[in-house]
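Biologist: I should like to understand the reasoning behind the terms used for this structure. Could we take them one by one?

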Amino acid sequence: MNEALKNGVLQSFPGGASAVAERRIAHLDMDAFYASVELLRYPELKGLPVVIGGRRRRASDAELRGEFMRLADYSGRGVATTATYEARAFGVHSGIGLMKAAALAPEAILLPADFEEYGRYSRRFKAAVAEIAPQIEDRGIDEIYIDLTDVPGESRTLAARIKDNVRHATGLSCSIGITPNKLLSKIASELDKPDGITVLTHADLAARIWPLPPKRINGIGPRASAKLEAMGIDTIGALAAAAPAALAAAFGARYAQWLLDAAHGRDDRPVVTVREPKSISRETTFERDLDQRRDREELSRILLGLCERVAGDLERKGYLGRTIGVKLRYADFAIVTRDVTLERPTRDAAAIRDAVRSCLKRVVFDRRLRLLGVRVGALVREDDAASATEAVIAAESLPLFE
Ligand code: TTP
Ligand code: MG
């Protein structure tokens, strides 16, 4: 296939005909997301360095007095999940240990994370975008890709409208990059953070993208970045100009080709609008109704089998889940469900079984059973799980009746 066609680039042929209309892809990322949601709740903290992190915990002495906790008063091994831009000015960032952060910004306010609240705002901002542009690929709690190719309007105007709608619906700001593909848009959305709009075409590649370090490309992690640096490649431009053979020798042919395509801004991945599954579950109806006491062994065996099958499903589909639930149907068809939310997402059969057991402790077995089901929800994609696990949450249980 013609290179230009493959990348969806508008190509004028000598006859003047356009081969493929250039795509217009936006990447939208919320600004200091968790911290900004907290500032809606505590507007008096606006303009101050604020850090989100640590476990959900019992109220500290400061909180009991109705005061905010300062980083200087923190002790423990927690990490910052994010920080306001005012705190970032002191060098505080996602992933930094809170004790280290305290040394940098002792006066900064420390707030615990409230993931349920962030989830609510996440749904709200996505719905606000969908009112203007419905072709959305969900990339996690605070970012999305949007295919704007068929949405009328000039790019900058459209981005401004989307930002206005998000602000109106949530009170929050975001940054948007618009380019011909996802790879460039993901880079572009960061170029004018916070509250920015960056529109780039392929013609801007050399001036705007090539001066950046290779690690700004989503898919070039710390290891690849260090290896490139050791080869003297410290910008995306240098990567674009690198000898393919040298890259192939260092990274293997496939990744080397991807590196070169990325450095040249080539990416034809579509915006995938399919909804992510909310949960993955397995259930089984018994051949005869079982009694919790008399048929204990059989029930245990069935339960373990279900856990293993769900774990297998998760592995095949590439997900981990944090909420483990159980469903029982009694002989009289009444249904009861229970679930528990773990500290970290898992797909380990034994971890799922342990969680299911803790759910079952909250079930009354006064009738025989005809069905048992195991469900894993609050799913995260395996690729995204690394950052999701950083978001540590204290275990809690949420009984759920149907
Ligand atoms: P980011 O979009 O990376 O960061 P941010 O929204 O806080 O700031 P920015 O303005 O630079 O976009 O991540 C979104 C949320 O995900 C962030 O608010 C907190 C959470 N998070 C973690 O829990 N752990 C992490 O390591 C990172 C990077 C983010
Ligand atoms: Mg963000």
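Modeller: Certainly; a residue is counted as near a molecule if one of its heavy atoms lies within 4 Å of that molecule. The model is predicted. There are 16 residues around ligand 1, and Asp29, Ala32, Thr82, Tyr85 and Arg88 come nearest.

Biologist: What makes the approach of Thr82 to ligand 1 a polar contact?

Modeller: A polar contact requires a pair of N or O atoms within 3.5 Å. A polar side-chain atom of Thr82 lies 2.5 Å from an oxygen atom of ligand 1, so the pair qualifies. The side chain of Arg88 places an N or O atom 2.8 Å from an oxygen atom of ligand 1, and a polar backbone atom of Tyr34 is 3.0 Å from an oxygen atom of the ligand. Taken alone, ligand 1 exposes 550 Å², of which the protein buries 79%.

Biologist: Which classes of residue form the shell around ligand 1?

Modeller: The shell has six nonpolar, four polar and six charged residues. Among the elements that each supply at least two of its residues are strand 1 (25-30) and helix 16 (382-390).

Biologist: Why is the arrangement around the magnesium ion (ligand 2) called octahedral?

Modeller: Six donors count as octahedral if opposite donors are over 155 degrees apart and all others between 65 and 115. The six donor atoms here subtend angles of 80 to 179°, and the arrangement is therefore octahedral. In general, the ideal angles for six octahedral donors are 90 or 180 degrees. On the protein side, Asp29 (OD), Met30 (O) and Asp142 (OD) coordinate the ion at 2.0 to 2.2 Å. Along the chain, the donors follow the spacing D-M-x111-D. Both Asp29 and Met30 are buried.

Biologist: How do you know that Ala355 is buried?

Modeller: Buried means under 20% relative accessible area. Ala355, in helix 15 (residues 349-360), has a relative accessible area of 5%, and is therefore buried.

Biologist: Why is Phe333 called partly exposed?

Modeller: The partly exposed class lies between the limits of 20% and 50%. Phe333 has 48% relative accessibility and therefore counts as partly exposed. Phe333 sits in the loop between strand 11 (319-330) and strand 12 (335-346), with a positive phi of about 75° although it is not a glycine.

Biologist: What is the class of Asp195 by the same limits?

Modeller: Asp195 has a relative accessible area of 39%, so this residue is partly exposed. Its place is in the loop between helix 8 and strand 9, and its phi is near 60°.

Notes: Residues are numbered from 1 along each chain as its sequence is written. Chains are lettered from A and ligands numbered from 1 in the order in which they are written. This is a predicted model: local features need pLDDT of at least 70, side-chain atom pairs count only at pLDDT 80 or more; totals for chains, interfaces and linings use all residues. Side-chain values use heavy atoms; hydrogens and water are left out. Donors are N, O and S atoms within 2.8 Å of the metal (3.2 Å for Na, K and Ca); water is not among the atoms, so sites may look incomplete. Four donors count as tetrahedral if all angles lie between 85 and 135 degrees; four count as square planar and six as octahedral if opposite donors are over 155 degrees apart and all others between 65 and 115; anything else is irregular. Buried means under 20% relative accessible area, exposed over 50%, partly exposed in between (1.4 Å probe, protein chains only). A polar contact is a pair of N or O atoms within 3.5 Å; within protein, one must be able to donate a hydrogen and the other to accept it, and residues adjacent in sequence count only if both atoms are side-chain atoms. Accessible areas come from the Shrake-Rupley method with a 1.4 Å probe; for residues, only the protein chains shown count as cover. Helices (H or I, at least four residues) and strands (E, at least two) are DSSP runs, numbered from the N terminus. Ala, Val, Leu, Ile, Met, Phe, Trp, Tyr, Cys and Pro count as nonpolar, Asp, Glu, Lys and Arg as charged, and the others, Gly among them, as polar.
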